[in-house]
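Take a look at the fold below. Follow the chain from one end to the other before reading on.

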Amino acid sequence: MSKAKNTTRRGARELAFQVLYGLSFTPAESRADLRRAFVLSPHNTAMDEQDLGSEPTGFAWELVEGVWGNSAALDTAISRFSHNWRVDRMGRIELTLLRLAVFEMLYRQDVPPKVAINEALELSGQFGEDNAKNFVNGILDAAAKALESGELVPSAGQAPANS
């Protein structure tokens, strides 16, 4: 890879958020489309067009690929806790943050739920509206409690390839 890698997990989450947010406007129809969107993202300083033929790696790619591949299951989980808010009516920023955090809580054993929530709230403060933090926190807190009690579990056969 020709550019310096973003080595922090927080930076990787921010990149994953930006790629996934972009995909909310122009969805990837295939894994190849997803890879292209990731590699060519203007926020991805680790890769460039020369890297289109290679397989992306790293935490940010794992998040992007995992959220993309599990979006239906993630939306179902989010719907359980978003009282009076349908997923298709949520703001794109908030929905992207929720998907990212719920993905980490459900499918990333190396990320404690509290960390996933905190990181989503940090990104919400950076990219979202002022009142978005409370909305995101409420849904993620309910999801974390359901995960802890065993009421929320990852969908069978939906685990990401790179976790």
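Start with a loop. Asn84 sits between helix 4 and helix 5, and helix 5 covers residues 92–107. This is a predicted model, so every value here is computed from predicted atoms. Is Asn84 buried or exposed? Asn84 is exposed, with a relative accessible area of 83%. The cut-off for that word is over 50%. The backbone at Asn84 deserves a look too. Most residues other than glycine have a negative phi. Asn84 is not a glycine, yet its phi is positive, at about 65°.

Now step back to the whole chain. How many helices and strands does the protein chain have? It has seven helices and zero strands. Read from the N terminus, the order of elements is α-α-α-α-α-α-α. The protein chain has 163 residues, and 45% of them count as buried. Its accessible surface comes to about 8,700 Å². Carbon and sulfur atoms account for 49% of that surface.

Contacts tell us how the chain folds back on itself. Consider the contacts in the protein chain with a separation of 6 or more. Residues 24 or more positions apart make up 71% of them.

Next, pick out one pair of helices. Two packed helices are described by the angle between their axes and the distance between the axes. Helix 2 spans residues 31–40, and helix 3 spans residues 59–69. Their axes come within 11 Å and cross at roughly 140°. The crossing of helix 2 with helix 3 is right-handed. Which residues make the contact? From helix 2 come Arg31, Leu34, Arg35 and Phe38. From helix 3 come Ala60, Trp61, Val64, Glu65 and Trp68. Sorted by class, this contact has six nonpolar residues, three charged residues and no polar ones.

Stay with helix 2. Leu34, Phe38 and Val39 are buried there. Why do these residues lie on the same side of helix 2? They do so because they cover an arc of only 125° around the axis. The cover over the buried residues of helix 2 includes helix 1, residues 9–23, and helix 3. Leu34 and Phe38 therefore appear twice in this picture: they are buried in helix 2, and they belong to the contact with helix 3.

Move on to helix 4, which runs over residues 71–81 and holds Ser71. Ser71 is partly exposed, because its relative accessible area is 26%, and that label lies between under 20% for buried and over 50% for exposed. Find Phe103 as well. Ser71 and Phe103 are 32 residues apart in sequence. In space, their C-alpha atoms are 8.7 Å apart.

Thr76 is also found in helix 4. Thr76 counts as exposed because its relative accessibility is 53%. Along the chain, Thr76 and Val87 are 11 residues apart. A distance of 8.6 Å separates their C-alpha atoms.

Finish in helix 7, residues 132–149, where Gly138 has its place. Is Gly138 buried, exposed or partly exposed? Gly138 counts as partly exposed, because its relative accessibility is 40%. Its partner to look for is Phe81. Gly138 and Phe81 are 57 residues apart in sequence, and their C-alpha atoms are 8.3 Å apart in space.

Technical notes:
Residues are numbered from 1 along each chain as its sequence is written. This is a predicted model: local features need pLDDT of at least 70, side-chain atom pairs count only at pLDDT 80 or more; totals for chains, interfaces and linings use all residues. Side-chain values use heavy atoms; hydrogens and water are left out. Axes are lines fitted to C-alpha atoms, for helices over the stretch in contact, and angles run from 0 to 180 degrees between N-to-C directions. Helices (H or I, at least four residues) and strands (E, at least two) are DSSP runs, numbered from the N terminus. A crossing is left-handed if the near helix is turned anticlockwise from the far one by less than a right angle, and right-handed if clockwise. Contact means heavy atoms within 4.5 Å. Ala, Val, Leu, Ile, Met, Phe, Trp, Tyr, Cys and Pro count as nonpolar, Asp, Glu, Lys and Arg as charged, and the others, Gly among them, as polar. Buried means under 20% relative accessible area, exposed over 50%, partly exposed in between (1.4 Å probe, protein chains only). Accessible areas come from the Shrake-Rupley method with a 1.4 Å probe; for residues, only the protein chains shown count as cover. The arc is that of the directions from the helix axis to the C-beta atoms.
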